[in-house]
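Trainee: Could you walk me through this one slowly, please? I would like to see how the strands fit together before we move on to single residues.

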Amino acid sequence: MFVCQNQSCDTQWAPDAVEIRNEGQGPLFRCPLCGARNYLEASTASDGTQKYRQIRQPAAPTPSTKPARQGGKRT
Ligand SMILES: [Zn+2]
């Protein structure tokens, strides 16, 4: 299930309810409701099927000072 990352929309979509395409920055789908771009990460399962995982919008390619990672807790 994908969730539109437009905070005022926040609509959930089944993966087969949206059109996934690549506009040059990797796979994404446009929210059918609000038109927001929602970026995806493609992976190929062991049975050969293509799967998509929703990711955050890629950061702009400008170097920035990232805050030091706090703690060591990873899930
Ligand atoms: Zn939306």
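**Pairing and turns**

Mentor: Let us start from one pair of residues: Arg 30 has Arg 37, in strand β5, as its bridge partner. Please keep in mind that we are looking at a predicted model.

Trainee: Okay, and how many bridges join β4 to β5?

Mentor: Strand β4, which covers residues 27-30, is joined by 3 bridges to strand β5, which covers residues 37-44, and the two run antiparallel. Between these strands of the hairpin there are 6 residues, and Gly 35 takes a positive phi near 85°.

Trainee: What does β5 do with β6, then?

Mentor: Those two strands also pair in the antiparallel sense, this time over 5 bridges, and one example is Glu 41, whose bridge partner in β6 is Arg 53. Here the hairpin has 5 residues between its strands, with Gly 48 in the turn showing a positive phi of about 95°.

Trainee: And which residue of the β3 and β4 hairpin takes a positive phi?

Mentor: That is Gly 24, with a value near 110°, in a hairpin that has 4 residues between the strands. Strand β3, residues 20-22, runs antiparallel to β4 and is joined to it by 3 bridges; in that pairing Arg 21 has Leu 28 as its partner, while Asn 22 stands opposite Pro 27.

Trainee: So in what order do the strands lie in the sheet?

Mentor: The order is β3-β4-β5-β6, which makes an open sheet of 4 strands with antiparallel pairing. Because β3 and β6 stand at the edges and have a single partner strand each, one side of each is left without a neighbour in the sheet. From one strand to the next, the twist averages 45°.

Trainee: What holds strands together in general?

Mentor: Strands of a sheet pair through backbone hydrogen bonds, and they can do so in a parallel or an antiparallel way.

Trainee: Switching topic: is Gln 54 buried, exposed or partly exposed?

Mentor: Gln 54, which is found in strand β6, counts as partly exposed because it has 17 C-beta neighbours inside 10 Å, whereas 20 or more would be needed to call a residue buried.

Trainee: Which residues is Gln 54 in contact with, apart from its neighbours in sequence?

Mentor: If we leave aside the neighbours within four places in sequence, Gln 54 is in contact with Phe 2, Val 3, Asn 38 and Leu 40. We can also look at Cys 4, which is 50 residues away from Gln 54 along the chain, although their C-alpha atoms are separated by 9.6 Å.

Trainee: Zooming out, how many helices and strands are there in the chain?

Mentor: There are 0 helices and 6 strands, and of the 75 residues in the chain, 7% count as buried. Among the contacts with a separation of 6 or more, 31% come from residues that are 24 or more positions apart.

Trainee: Last one: where is the confidence lowest and where is it highest among the strands?

Mentor: The lowest mean belongs to strand β6, residues 50-54, at 91, and the highest to strand β2, residues 12-13, at 96. Over the chain the average pLDDT is 86, and 83% of the residues score at least 70.

Methods:
Residues numbered from 1 in each chain as written. Predicted model: local features only at pLDDT ≥ 70, side-chain atom pairs only at ≥ 80, totals over all residues. pLDDT = per-residue confidence, 0-100. Pairing = 2+ DSSP bridges. Buried ≥ 20, exposed ≤ 12 C-beta atoms within 10 Å, placed from the backbone. Contact = placed C-beta atoms within 7 Å. Axes fitted to C-alpha atoms, helices over the stretch in contact; angles between N-to-C directions.
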